[in-house]
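I opened this entry to record how the chain is put together, then its core, and then one helix pair. My notes follow in the order in which I looked things up.

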Amino acid sequence: MTTDQPPAPLATGLPAPRGNAAPGEGPAAAPQQPPRRGFLAKAFGITAVLSAAGSGLGLLRDLLLARYFGANQGTDAFLVAWTVPETAAPLLIEDAMSFLMVPAFALALVLREEDPDAPDPVRQLVRATLPWLLIALSGLALAAALGAPGLVALLAPGLTDPGLAVTCTRITAITVLPFGMAGYLAAALRAHHRFTAPAGIYVAYNLGILAVLLGLHSFLGVRSAALGVAAGSLLMAGLLVGPFLRRLRQGTPGGQGTGRGRRSRRALVLMPLALLPVAAFTLTRQSQVFVERYLGSALPPGTISHLNYAAKVSQLAMTAGILICTVTFPLVARALAAGDLTAARDRVEKDLGQAAAVVLFGTAFLMACAPSVVSLLFERGAFGPHDTAATADVIRVYSVGLPAQALIGVMIRPYFSLCPVVRRADDPGPEDGRRRLLDWYPAAAMVLGLGVTVTTGLLATPGFGALGLAAGNAAGITAAAALLLHGLVLRGIPLRLRLVLGGHGRLVAAAGGATVLGTAAAGLAADPLFSTLLGGLVVALAFAALGTGFGAREVRGPVLAVTRALRPVRNPPTVAEEGKRPHGQ
């Protein structure tokens with residue numbers, strides 16, 4: 001066996017590199033080849049297209065909510081009820097479930113490759129986790145429905161119509177079970193490098209909401225939106241069942257048997273307590289929304305709705321950045337499961353830079369064009385000019401925290417890959433106390449960030465209203481991101497911080513310049529559509545030019561590639577012309 005070990009500044013429990021098998025342990029796994037560049041581009045393209053479709057349908061959903069119900073106490077009541085799916089979605093679909101189960105399935109696939117004649121570790125993992133997950137999710141859904149009055153009183157004590165919020169909360173509580181199933185199945189498929197069905201879940205989700213909303217809004221009012229959320233969640237889970245079962249039936253690669261006739265020393269050991277720090281991090285992160293709902297309920301009616309519409313528009317830019325690490329996360333998890341720390345570090349650094357470039361470009365656009373974007377999207381029906389101005393102001397403040405939100409989304413995935421819900425049976429258990437303490441570092445970072453959010457909100461809300469809440473959100477998430485960046489190094493992934501921070505500084509400078517120029521350009525036109533197009537074009541050109549000039553590789557590389565592609569191709573010299581040239585030229 002190789003004697004090289006990955007460096008670890010602290011005791012981190014990183015897996016040792018797996019090379020040749022020890023005597024008697026069966027055949028060694030073939031060295032895992034990294035996916036081709038074309039595979040990553042195709043996977044990102046599929047994920048981007050379907051995610052954009054889901055985001056577009058979600059935006060249409062919000063447009064209909066604004067058109068049918070405006071921004072009033074009814075929409076405030078529904079949005080309080082929407083806290084249940086808003087909390088369940090990151091916990092059970094993208095964040096906690098993904099953080100735990102993508103590394104778990106990645107480890108199972110590594111073990112399958114190392115010993116293909118042993119019992120299939122993937123099926124073993126499913127049998128050990130899925131039944132208990134179904135029981136837990138059903139219990140949580142029932143508890144949320146029965147405890148709806150208490151949840152509403154806790155989240156928004158200042159609501160003028162708590163009864164409507166309680167009814168909507170009981171309806172949306174259904175989402176806990178299908179959301180959890182969707183997250184589990186999506187994690188399994190992504191670990192198998194299958195991205196199409198997982199990327200389509202929000203298309204199915206929003207189609208369900210739109211169908212119910214369009215058909216029943218005149219009869220049920222805002223309750224139709226709650227019913228649509230429940231129906232969409234069921235469609236979301238149903239979309240993944242078929243692809244998951246097909247992957248499970250395929251067994252080991254190449255059609256080999258599952259090897260049920262003997263016991264493998266490379267079996268998986270379940271560690272359910274690993275869920276606790278992941279769940280604590282996700283719930284603490286989501287508590288930013290709880291703070292807004294709580295403090296916003298005491299402000300004038302419609303404030304919560306303005307915050308919601310602003311958040312939905314602002315997070316479109318963040319979602320685009322997160323798509324990058326959604327595709328590459330299985331690669332990072334497999335590299336860490338195999339002990340290839342250098343490959344994992346390089347991938348994380350690249351993800352941090354690319355996500356920052358995408359999100360900072362989106363941030364510059366939103367800051368420059370927020371009024372025209374909101375007017376273009378929402379100002380119709382019950383949503384008036386006052387709502388447009390209030391929402392646009394909140395978007396500009398929210399946008400300050402978008403880069404930090406995206407960076408947290410990138411960093412937390414490799415962090416929790418080192419806190420897996422399963423481990424190899426032949427690996428020692430995590431006995432080191434410092435390592436167990438580091439498992440809780442992300443949750444602690446979010447608690448400190450939440451403290452910044454609460455303090456800023458309490459100080460700024462009396463004088464600035466919704467803008468104070470948005471400022472607290474941006475300040476808190478930025479503080480948490482700075483702490484988590486340090487924590488990733490403590491965890492044992494040796495990021496080159498000077499390189500990472502220097503690259504981000506160049507991107508921030510480019511985004512700042514693009515914002516100034518884009519704001520000036522957007523103000524030249526009164527029509528919202530023309531203002532948005534003009535401001536967006538100037539932002540794009542300025543960000544590309546400034547990013548290239550400042551040496552930001554995430555901008556310079558694509559710009560140079562486009563320049564080469566647009567450069568006219570010169571006709572090759574003829575034979576006669578070649579003969580006229582001096583020898584050697």
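I began with contacts (heavy atoms within 4.5 Å), and found that residues 24 or more positions apart account for 84% of the contacts with a separation of 6 or more. I was working on a predicted model, in which local features need pLDDT of at least 70, side-chain atom pairs count only at pLDDT 80 or more, and totals for chains, interfaces and linings use all residues. Residues are numbered from 1 along each chain as its sequence is written, and side-chain values use heavy atoms, with hydrogens and water left out.

I then looked up burial, and of the 585 residues 54% count as buried (under 20% relative accessible area, 1.4 Å probe, protein chains only). I noted 23 helices and two strands, taken as DSSP runs (H or I, at least four residues; E, at least two) numbered from the N terminus.

Next I turned to the largest nonpolar core, a set of buried Ala, Val, Leu, Ile, Met, Phe, Trp, Tyr and Cys residues joined through side-chain atoms within 4.5 Å. Of its 157 residues, Phe 78, Met 101, Phe 105, Tyr 184 and Phe 378 touch the most other members. Helix α14 (residues 341-378) gives the largest share of this core, 18 residues. Leaving out residues up to four places away in sequence, I listed what Phe 378 touches: Leu 59, Asp 62, Leu 63, Ala 66, Tyr 309, Val 313 and Phe 383.

Last, I checked helix α7 (residues 162-172) against helix α11 (residues 223-250), and their axes, lines fitted to C-alpha atoms over the stretch in contact, lie 8 Å apart at an angle of about 15 degrees (angles run from 0 to 180 degrees between N-to-C directions). I therefore entered α7 as roughly parallel to α11 (under 35 degrees).

Conventions: Angles under 35 degrees count as roughly parallel, over 145 as roughly antiparallel, 65 to 115 as roughly perpendicular and the rest as oblique. Buried means under 20% relative accessible area, exposed over 50%, partly exposed in between (1.4 Å probe, protein chains only).
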